[in-house]
Amino acid sequence: MNTEAVQFELAGEQAVITAELLDKYNQPGPRYTSYPTAPEWSDDFGVAETESALARSRHSDAPISLYFHLPFCESLCLYCGCNVIINKNHEVAAPYLERLKREIEMYAERIRPGRKVAQLHWGGGTPTYISAAQIEELFNHIRQHFEFASDAEIGIEIEPRVTTSEQCRVLRRLGFNRLSMGVQDFNPLVQKTVRRIQSYESTKALFDECRELGFESINIDLIYGLPHQTVATFAETVDKVITINPDRIALFSYAHVPWLRKQQGSFAQHLPLGFEKFRIFHTAIEKFTSAGYRYIGLDHFARPEDELCRAQDDRTLHRNFQGYTTRGGCDLYGLGVSSIGGFADVYAQNWRELPKYYTAIDAGTLATMRGMQVSAEDKLRRAVINRLLCHCVLVKAEIEREYGIGFDEFFAPELAQLRALESDGLARISEDRIEVTALGRIFIRNIAMVFDAYLKKSAAASGSLFSRTV
């Protein structure tokens with residue numbers, strides 16, 4: 001029997017994780033950027049259903065969140081699980097941007113004038129694959145068709161290896177105020193193995209330049225569980241990130257899914273697994289929290305003065321396809337190849353394949369590939385899952401008032417299942433609330449899974465659909 005154990009402290013509470021406990025709970029499970037999760041969506045949901053939802057959302061007073069997917073990259077990072085298109089010839093961006101502009105116009109025609117954009121995000125791929133001039137042209141087209149709130153959160157993912165000073169200056173001048181900067185790992189062997197060579201010095205230089213330009217918040221993305229990572233080598237990466245001093249850190253667990261991403265099979269024998277992988281995660285948590293960051297949950301850290309922390313304290317934090325956010329209650333419209341929207345009780349995803357996306361836009365129609373109508377029970381369970389993931393506490397009376405149920409009666413089977421997690425120290429169940437413990441924060445996805453009605457039906461298939469929870 002493996003007797004390894006790690007002691008740690010989170011939110012002022014001590015906890016111990018043993019190898020046995022990790023083996024028990026480190027199972028495949030969703031990340032809950034949506035509920036119901038994407039595997040439950042249907043190919044029968046198409047353009048007609050999206051048009052109907054847009055017509056319903058036209059009467060909404062909810063603020064708008066816009067997501068744009070810019071899929072192009074110059075080279076493939078072997079760990080990547082995103083929908084990307086690899087092409088060193090940047091001329092391929094121009095026809096894509098023309099279609100994206102047409103899609104902007106389609107959505108603007110269907111969304112009631114006067115609704116304000118509270119949040120905009122460009123993801124990828126590599127959004128800075130396009131030139132500074134193309135960035136400005138695309139953003140101006142968005143502004144021409146949508147009205148932004150004065151305090152809008154305007155963010156973009158940037159790739160330090162290809163992003164130029166000119167691009168950063170243009171982004172800031174246009175009003176972008178948040179950056180997410182990919183790092184993953186600074187170790188040379190890890191970088192070589194995953195084909196992403198990126199020095200600490202060049203990354204810090206770009207970060208410092210962006211800080212000087214006045215971006216309000218700069219996030220750094222890391223991945224633990226990559227090939228050849230060890231506790232010692234990743235500790236060095238974390239120390240370097242701390243010296244860079246980002247406002248937030250996203251520390252993602254590497255998802256090894258070679259049956260979906262064939263390129264990942266090239267380094268399978270070099271992956272840290274099980275308790276070794278967890279020790280890497282634990283070391284990062286210890287270092288970041290000792291440096292003054294708060295562990296928000298799942299994979300996010302932030303400075304105590306950050307609005308993410310304030311939102312968690314007053315229980316207004318939300319979760320969407322970009323992760324944790326303070327901009328709740330928005331109708332999210334996803335534009336571009338593979339983009340996902342969530343509005344008017346539906347989820348709708350565009351075609352993943354570029355030719356099919358182009359065909360739809362060229363025909364003057366929306367590019368919906370699949371989606372789902374969200375039921376009343378879906379909304380109830382989504383609220384429960386989100387509050388546990390975001391606040392680490394759920395007040396039963398609040399759910400009862402909002403959804404007209406008796407919590408203990410409606411969720412009797414789930415509460416019985418949750419008792420088993422409580423006996424392992426992951427949660428505390430009282431008459432009026434459910435609280436996630438320090439130990440439970442590590443296994444927060446497992447706690448959320450208890451309330452996932454679809455997961456119970458598709459448990460046999462879940463192993464091939466989701467990454468492990470830690």
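Which residue takes a positive phi in the hairpin of strand 16 and strand 17? The residue to look for is Ala344, with a phi near 45°. Before visiting that corner, please keep in mind that this is a predicted model. Let us start with the whole protein and then zoom in on two places.

**The whole protein**

The protein has 470 residues, and 58% of them count as buried. Its secondary structure comes to 18 helices and 21 strands. The radius of gyration is 22 Å, close to the 23 Å from the globule rule for 470 residues, so the protein is as compact as a globular protein of that length. If you follow the C-alpha trace along its principal axes, the spans are about 60 × 55 × 40 Å.

Contacts also tell us about the fold. Taking contacts with a separation of 6 or more, 73% are between residues 24 or more positions apart. On the outside, the accessible surface comes to about 18,900 Å², and carbon and sulfur atoms own 50% of it. As for charge, there are 53 positive and 61 negative side chains, and the centres of these two sets lie 2 Å apart.

**Strand 8 and its neighbours**

Now find strand 8, residues 178-184, where 7 of 7 residues are buried. On one side you will see Arg178, Ser180, Gly182 and Gln184, and on the other Leu179, Met181 and Val183. Both of these faces are covered.

Strand 8 runs parallel to strand 7 and also parallel to strand 9. Met181 is a handy landmark here: Ile158 stands opposite Met181, and in strand 9 the bridge partner of Met181 is Ile220.

**The hairpin of strands 16 and 17**

Back to the opening question. Strand 16 covers residues 340-343; Ile340 and Gly342 point one way, Gly341 and Phe343 point the other way, and all are buried. Its partner, strand 17, covers residues 346-350, and the two run antiparallel. Across this pairing, Gly341 stands opposite Ala348. The hairpin has 2 residues between the strands, and Ala344 is the residue with the positive phi.

Here are the strand pairings side by side:

| Strand pair | Direction | Bridges |
|---|---|---|
| Strand 7 and strand 8 | parallel | 4 bridges |
| Strand 8 and strand 9 | parallel | 6 bridges |
| Strand 16 and strand 17 | antiparallel | 4 bridges |

With the structure in front of you, try tracing strand 7 (residues 147-158) next to strand 8, and then strand 9 (residues 217-224).

Key
Residues numbered from 1 in each chain as written. Predicted model: local features only at pLDDT ≥ 70, side-chain atom pairs only at ≥ 80, totals over all residues. Heavy atoms only, no water. Rg over C-alpha atoms; globule rule 2.2 N^0.38 Å. Buried < 20%, exposed > 50% of the residue type's maximum accessible area, 1.4 Å probe, protein only. Contact = heavy atoms within 4.5 Å. Areas by Shrake-Rupley, 256 points an atom, 1.4 Å probe, with all protein chains shown as cover. Lys, Arg positive; Asp, Glu negative; His and termini not counted. Charge placed at Lys NZ, Arg CZ, Asp CG, Glu CD. Pairing = 2+ DSSP bridges.
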